[in-house]
Amino acid sequence: MLIGRDAERRVIEQLVAGARVGVAGVLLVTGEPGIGKTALLDEAATLTTGLRLLRARGTEAEQDVPFGALHQLLRPALAELDRIPRPQQAALEAALALGPVESPADRFAVGAATLSLICRYAEDAPVAVIVDDAHLLDRPSAEALLFAARRFVADPIVALIGARQNEPHPLADADLPSLVLEGVPLTAAQQLVHGLPVDLVAQLHRTVAGNPLALLELAGEPAALHRLTPGVPMPVPALLAKAFTARANRLSPAARTTLLVAAVDDGELGAVARACKELGVEVSALAEAETAALVAIHDGRVEFRHPLVRSAVYTSADPAERRTVHRAVAGATQDEDRRAWHLSETVLGTDDEVAGRLEVAAGHAAGRGAHAVAATAYQRAARLTESPQGRALRLVAAGEAAWSAGLPDRAEALLDEALALQPGAATRIRAQEIRAELTVKCGSPAQARDILLAAAAECEDDAIATGLLADAVNACFRLCDTASALRAAEGIDQRLPSVERPGPRIIGMMASGVAKILAGQGGTDQIREAVALAPSDELDRDRRRQVWMAIAPLFLRESGTGRALLQQAMLERRDQVALGTLPGLLFVLARDDATTDRWADAAASYDEGVRLAREIGQTTELAMNLAGHAWLAAHQGRVHCQTLAAEALRICDDRDISLGAVWSLFGLGDFELGRGDPAAALSQYERLLAVLAANGLMDPDLSPVPEMVEAYRRLGRAADAEAVSREYLVRAQAKGQPWSLARAARVRGLVSESADDFERALECHAETLDVFEQARTRLTYGAWLRRARRRVDARTQLRLAVEAFDHLGAAGWADQAATELKATGETARRRVPSTADELTPQERQIALLLADGQSIREAAARLFLSPKTVEYHLRKVYTKLGIHSRTELARELSNST
């Protein structure tokens, strides 16, 4: 019977009841050792009658076993494995060593597969997921569990997770609902402890703050109780460890040895027996430890009463004795990777043979997607390596594995350690390439730029150097550093003639073209040539650089050039569950959609990019998606663009991400101009001009001059409008792209008040897909025609402008166009807002996939959600739109775009 936990029991009862009716619930139960987390979870298990139970427990012995806890948790559900999407099935099979590794598993793919499998298992009956001692889970298992738990929404699933308080682990750093267990009240303590005077129980209760395990353990040591200082709280873990150590030390030598073997091994009785035989002791001596209530033996396993017992036994043993036991366990195990780990604990100094075994184990872990375990194995292998060069190579491998595990600080420390050993050029360049990648995504793009340029300078392989320089251009793009980008482009152009491999060649041409466009020195032909060479199987396998295949349409702004590459890249990354590359691709996709009439799609992509970037800690991509979303929301006239821009600017200012600042400031200026405040808009545009000038950014497409000219004209400052336009017009003409030429012609039309320039602008707009810019030109042209008393001609332009702005959802701009139209004597016929406009970004994503013919399961897999969650959102979509079928859904979405 559970004593003193009535309130906590009610919380769990409510969560279990919710799961029975299809409402998911997640709870992280935390507290100090012995506070009763396990007892509460055991009680929870008794409440799950009629639910399918998935249960696991973390142990110190298996913290370095790749996905050991996940296998334990999912074992009852593995029969459903062939019913989840094939890429996820392959990832989970690789992670759990259920089949051959087809390709290295991505840690997010394993998380998505875990979500899919648990949700599939819950289709026949509600599921209870109970995980105890989660702070002792191997990190890959904990991350997979966290990925799934965050996405339980409308599923008949309850997830209860117990973890020690103030212990670092992935679940502790998450935003899961939590329940902190405190000590039980004195009345409960009196029920737990029998045979002691009331005043002594009260003293003990005060001393251990009501910790149930400490109450029970110390109550059995009356002599120790009298030695405690009355009324002074004591650290419970230390008290318990001391009590457990004292009890273990009273055992016979043989029993202590068998107990140490059980602490070193994973608790499987057969393995413990084999190791004991190696040591010349009988495993039956464990009965003595069982009688002392230190362990329990059942179902062929040795279970310690509490993790503190295992820790106390291991840490109190003599170091030489621990090494001896590890050697015996290594000899008894049949798993080569486990043997390598145990042998590594027996080495004093270096041992290249054991280091080699650990390196093999690390490779196996990485192949299964257990990159955190691989990082530890490579790092330990490096410690055991005699040669400084060999040690550096293994430290670089450890750093790469740590980065793949989403641990940038640990990765950087390992790479710094490797570089301090002064390794050879190839190892040094590889280390710098990894450092730059993690730095550009999670740290300072400026630092990444410097690392990449230095690495490229010493690289003798032209193909590798081209990739490094292309990555440097990507960093410069975020920094708006045109000078460094041009230097990188010059280096690329010098190396390209000798680069025969298509992957590096395409990357190099793309990057060189982008650098030149940013500096206003051509580059468009180079990008077109690169697009014509695509696709490349080699480039397709390179997840880090594939974003270059999506950049072409962003810089060319043409209808048709490489635009299909964007959608193709996104589908491939979703199918492969390559979440690490998605925030960057989502930004490019959203930016592209935002310059067409697909604004709702752009908002959905930005929203997902922000959510994923936050989840996986990619600060740079978070800032870029926030900035892009702010720009789009500003055009829609939504006040929350200011909140989005403020967060983006905070990150951008801190990390010198000038491009994010450019788009944020552009958005803030457009927001003010769109709501009719040209003076406020000018202050933002002037800030933006200062950023562009400081970075030497000459690309006319990033210039706010057309908007400034419009603002000056509204304020009656014609001379200022003419002055600011001169240099811009030269640069736009030099770039020669339709989008640039259209905006330039609009500027000339405003400054010179020429109908021919406005007509030329509309001709250029026809070669692009940017509906908003075309509507801006029509509004400006129509207003000019009205002032020129050409009302009939003005109505034609203004009618089309109102229609376009209404279609896009740019309410403020539509209102301005309608006001101008009314001034000509005509009242605009406004579009009735579609109910589809009320959909949230996630609802719209789901609706678009389903309207496109995707099944519920396919949509769930691509959005990393459960099928029930997709159904939940679909019901909300149907309700908002007042429809009942996919056919109606497709028609409604078509009408709204």
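## Exercises on aromatic pairs and overall fold

This predicted model holds 10 aromatic pairs. Let's work through a few of them together.

**Exercise 1.** Classify the geometry of the ring pair Phe758 and Trp784.

*Solution.* Start with distance: the ring centres lie 5.9 Å apart, and the cut-off for a pair is within 6.5 Å. Next, take the planes, which meet at 45 degrees. Stacked needs under 30 degrees and edge-to-face over 60, so this pair is tilted. Now place the pair in the chain: Phe758 sits in helix H40 (residues 755-765) and Trp784 in helix H41 (residues 771-787), 26 residues apart. Both Phe758 and Trp784 are buried.

**Exercise 2.** Describe the pair Phe772 and Trp813, then find which cluster holds these residues.

*Solution.* Here the centres are 5.9 Å apart and the planes make 85 degrees, an edge-to-face pair. Phe772 belongs to helix H41 and Trp813 to helix H43 (residues 811-823), with their positions 41 residues apart in the chain. For burial, the threshold is under 20% relative accessible area. Phe772 has 1% relative accessibility, so Phe772 is buried; Trp813, at 1%, also counts as buried. Finally, Phe772 and Trp813 join Trp599 and Phe805 in one aromatic cluster.

**Exercise 3.** Check whether the radius of gyration of the protein agrees with a compact globule.

*Solution.* For 897 residues, a compact globule would have a value near 29 Å. The protein has 32 Å, which agrees. As further context, the C-alpha trace spans about 105 × 60 × 55 Å along its principal axes, and 60% of the residues count as buried.

Note on methods:
Residues are numbered from 1 along each chain as its sequence is written. This is a predicted model: local features need pLDDT of at least 70, side-chain atom pairs count only at pLDDT 80 or more; totals for chains, interfaces and linings use all residues. Side-chain values use heavy atoms; hydrogens and water are left out. The radius of gyration is taken over C-alpha atoms; the globule rule is 2.2 Å times the number of residues to the power 0.38. Buried means under 20% relative accessible area, exposed over 50%, partly exposed in between (1.4 Å probe, protein chains only). Rings of Phe, Tyr and Trp (its six-membered ring) pair if their centres lie within 6.5 Å; planes under 30 degrees apart count as stacked, over 60 as edge-to-face and the rest as tilted. Helices (H or I, at least four residues) and strands (E, at least two) are DSSP runs, numbered from the N terminus.
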